[in-house]
Amino acid sequence: MSVKTFTRGGVHPPEHKEPTAGSPIREIPPAPEMVVPLSQHTGAPCEATVAVGDRVMAGQKIGDSEAFISAPVHSPVSGTVKAIEMRRVFTGAMVRCVVIAPDEHQEQAAQTERRDWRALAPDEIRSIVRQAGIVGLGGAAFPASVKIAPPKDKPIDSVIINGCECEPFLTCDQALMLLRPDDLIEATRLLIKVVGARRGYIGIELNKPDAIELLASKLKEDPEICVVRCEVKYPEGAEKQLIKAVLDREVPPGKLPSEVGALVHNVGTALAILDAVAQGTTLTRRVVTVTGAVARPGNLEVRVGTPVSHLIEQCGGFAGQPGKVILGGPMTGWAIEDLGVPVQKGTSGVVVLTREYMDAHPTLACVRCGKCVEVCPMGLMPNMIGIYAERGRYDDAEKWNAMDCFECGACAYVCPSKRPLVDCVRKSKQAINEKHRRQREAKS
Amino acid sequence: MAENGAQNELLVVSSSPHVKTRDTTQRLMGDVLIGLAPAAAAAGYLFGSRALMIMAASVGTAVLAEHLVSRMGHKRTTIGDLSAAVTGLLLAFNLPPSVPPWIPVIGSAVAILLVKALFGGLGGNFLNPALAARAILLAAWPVHMTAWIRPFDLVGTATPLATLVPKGVAGVPLPSYLDMFLGRIPGSLGETSALALLAGGLYLLWRRVIDWHTPVAFVGTVFVLTWLLGPDGIGTGDPLAHVLSGGLMLGALFMATDYVTSPVTPRGRLVMGLGCGLLTVLIRIYGAFPEGVSYSILIMNVATPLIDRWMTPRKFGMVKTA
């Protein structure tokens with residue numbers, strides 16, 4: 001069986017998946033205070049649909065928006081709304097949140113009967129996915145209902161389920177593939193139907209042989225779906241790179257996967273879609289890998305809105321002196337300063353690094369070794385973006401394609417002078433977006 | 001927030017990625033020093049204590065100059081990144097073994113102070129410091145810089161290249177290929193032993209400190225062109241002698257691959273090698289000097305920003321449409 005991968009760039013960071021690989025998913029109880037941000041997704045933030053003092057049910061909608069690119073949020077618990085106020089989230093920003101005190105009963109909002117998705121029209125499915133508040137669970141948190149409604153002139157022929165999990169440390173998708181292989185296949189068929197595709201692929205990196213074997217055995221003679229073995233290489237699970245690996249198609253700069261007839265959904269997202277459609281659930285829980293310097297690492301089923309400190313406690317606390325706490329994987333995740341920030345729909349992991357693990361080499365000047373150019377999966381020259389961003393010359397950073405970077409971090413990972421290249425790209429993007437906004441305003 | 005305050009103040013916040021390779025610039029420079037070690041040992045063997053003294057004077061001055069520059073700028077010393085030591089050793093390799101000891105001292109000071117520090121230090125210089133310093137020394141003290149001696153007995157002589165090129169000395173027989181490969185020929189201190197340089201170069205390739213593009217393109221171009229442009233017409237040249245003589249191996253493996261002054265993209269590095277090879281052959285066969293490796297590299301150093309601009313990688317998704 002051939003092994004697929006993207007062709008340009010990539011790195012091999014140490015995997016560190018052993019502590020939680022293959023460990024079962026364990027559910028944790030709600031925290032005494034749940035903090036549900038009203039903006040957990042790419043797109044327009046929600047307005048609260050409940051008021052302080054209201055009693056809410058688990059799964060009940062508590063925030064919604066009229067905008068096309070948005071997703072409603074639901075209460076993860078039954079309880080009382082204590083406050084609707086600005087709270088800090090993992091990015092460091094202040095976001096309006098619904099703060100809920102859970103009660104003892106944990107009542108579910110009324111759920112629909114089990115439904116047969118085969119009997120539903122694609123538009124009905126899209127509406128259910130929208131109402132369920134499903135966003136991409138891989139990290140970007142893009143509203144799933146938008147993704148499964150591609151433009152009419154861009155037919156989708158291939159659905160790719162992303163089981164690469166190329167970030168070091170994280171194992172939540174692997175755990176889901178092992179726990180619910182039949183549901184994942186079912187979810188893939190559902191997605192194929194919704195977008196009218198012909199083929200489905202489940203891309204999994206070779207470092208998860210158990211998941212590959214399990215799913216491949218179930219899909220042995222399948223005419224529609226197959227497992228694609230992917231090389232262990234970061235960022236194999238990046239959307240454009242996975243499409244290149246599986247279909248050998250390149251999504252043009254600034255375009256979406258529908259441009260080349262592909263739809264990519266992460267394992268967790270696909271399962272959430274199936275659950276919403278077949279069982280009427282809303283997205284209020286997800287699997288989070290809590291690992292690194294904690295006493296009992298594991299894959300936890302966590303209610304959205306649970307403070308990170310509660311997850312750490314449920315894993316037996318820190319093991320040793322924590323240096324950094326990262327939400328997401330170590331390559332693209334966010335280091336948090338406040339353990340009170342809540343788990344969101346897009347939070348795939350909590351990775352605790354000790355001080356010893358973090359290297360503290362000083363940043364040196366660029367020596368032009370070219371290693372960042374070699375590893376960049378987008379064919380960019382991060383060295384140039386870094387040099388110009390450092391001098392505040394963002395127009396030049398734009399000329400060197402800063403906007404085409406998706407911040408995988410391969411360049412900064414490999415840089416021997418330890419230059420903060422991703423940071424430089426982010427600053428450039430911010431300045432460039434600001435400039436374009438001003439230009440648009442000047443025109444109108 | 002309050003209940004977590006005690007732990008919070010200990011957490012580090014920084015931009016992703018949160019893991020980095022163990023590779024550092026210091027380690028890369030250390031690897032270059034290791035790569036240069038076989039040739040340094042060969043120089044000591046071939047030219048004796050004189051060679052060791054020149055290398056010590058050159059490296060010592062370079063490191064001292066780097067340290068003084070840091071001090072003058074009230075910054076922490078940058079000698080730890082080892083780049084100054086590399087520059088010093090490379091300069092020594094490019095000097096005739098007969099030079100008086102003050103030549104490497106002046107050369108290293110020029111390399112670090114004039115060519116490197118004045119342009120912003122590590123990463124800022126646009127010329128290879130060792131080669132630029134050598135060019136200045138050659139212009140200032142041409143007699144010292146072109147007085148060649150034989151290995152072992154250290155008797156004055158001409159280099160094989162002087163015999164090989166059209167404008168050279170007639171009547172001196174060319175040494176055997178084996179002697180040229182092993183380094184038992186007159187020449188600059190660290191350039192004569194192709195064997196030692198290849199061993200070090202392979203180490204750098206294996207450690208992925210350098211890639212193959214520049215050395216292969218450089219040596220390949222010289223090989224093909226010197227064969228074509230032979231003394232008695234097309235295809236009558238002695239390409240092997242050209243490749244094994246002069247500073248070609250040293251230049252192709254260790255000087256044209258200098259990160260700071262050469263292109264960053266693989267295609268750019270091919271152009272670097274091709275350009276160096278072409279210029280070397282033009283200078284050797286048609287120019288005023290018998291050797292052209294250093295000048296060809298210096299010229300290509302100047303062209304590097306342009307090469308970087310033109311030889312960019314293909315952007316992902318930019319599929320050629322017919």
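Helices, of at least four residues, and strands, of at least two, are DSSP runs that are numbered from the N terminus. In this predicted model, such numbering places Asp222(A) in the loop between α5 (209-218) and β11 (225-230) of chain A. The points below describe that loop residue, two helices that cross in chain A, a buried residue of helix α9 in chain A, and the nonpolar cores.

**A loop residue in chain A**

- Asp222(A) has a relative accessible area of 18%, and because buried means under 20%, this residue counts as buried.
- A polar atom of the Asp222(A) side chain lies 2.8 Å from the backbone nitrogen of Glu224(A).
- The backbone nitrogen of Ile225(A) also lies 2.8 Å from a polar atom of the Asp222(A) side chain.

**Two crossing helices in chain A**

- Helix α10 (residues 382-390) and helix α13 (residues 421-443) of chain A have axes that come within 9 Å and cross at roughly 65°.
- The crossing of α10(A) and α13(A) is left-handed.
- On the α10(A) side, the contact is made by Pro382(A), Ile385(A), Gly386(A) and Ala389(A); on the α13(A) side, Leu421(A), Cys424(A), Val425(A) and Ser428(A) take part.
- Sorted by class, the residues of this contact are six nonpolar and two polar, with no charged residues.
- An α-helix has 3.6 residues a turn, so residues three or four places apart point the same way.

**A buried residue of helix α9 in chain A**

- Val375(A) belongs to helix α9 (residues 371-375) of chain A and is buried, with a relative accessible area of 6%.
- Leaving aside residues up to four places away in sequence, Val375(A) touches Gly9(A), Gly10(A), Val11(A), Ala410(A), Cys411(A) and Val414(A).
- Val375(A) and Ile385(A) are 10 residues apart along the chain, and their C-alpha atoms are separated by 15 Å.

**Nonpolar cores**

- The largest nonpolar core has 76 residues; among those with the most contacts inside it are Met55(B), Leu90(B), Phe254(B) and Ile297(B).
- Helix α2 (residues 25-47) of chain B gives the most to this core, contributing 10 residues.
- Ile297(B) touches Leu131(B), Phe218(B), Gly251(B), Met255(B), Ala256(B), Met272(B) and Cys276(B), again not counting residues up to four places away in sequence.
- A second, separate core has 48 residues, including Ala187(A), Val195(A), Ile204(A) and Leu274(A).

**An enclosed helix in chain B**

- Helix α13 (residues 248-255) of chain B is largely enclosed by the rest of the structure, because eight of its eight residues are buried.
- The buried residues of α13(B) include Gly251(B), Phe254(B) and Met255(B).

How values were computed: Residues are numbered from 1 along each chain as its sequence is written. Chains are lettered from A and ligands numbered from 1 in the order in which they are written. This is a predicted model: local features need pLDDT of at least 70, side-chain atom pairs count only at pLDDT 80 or more; totals for chains, interfaces and linings use all residues. Side-chain values use heavy atoms; hydrogens and water are left out. Axes are lines fitted to C-alpha atoms, for helices over the stretch in contact, and angles run from 0 to 180 degrees between N-to-C directions. A crossing is left-handed if the near helix is turned anticlockwise from the far one by less than a right angle, and right-handed if clockwise. Contact means heavy atoms within 4.5 Å. Ala, Val, Leu, Ile, Met, Phe, Trp, Tyr, Cys and Pro count as nonpolar, Asp, Glu, Lys and Arg as charged, and the others, Gly among them, as polar. A nonpolar core is a set of buried Ala, Val, Leu, Ile, Met, Phe, Trp, Tyr and Cys residues joined through side-chain atoms within 4.5 Å. Buried means under 20% relative accessible area, exposed over 50%, partly exposed in between (1.4 Å probe, protein chains only). A polar contact is a pair of N or O atoms within 3.5 Å; within protein, one must be able to donate a hydrogen and the other to accept it, and residues adjacent in sequence count only if both atoms are side-chain atoms.
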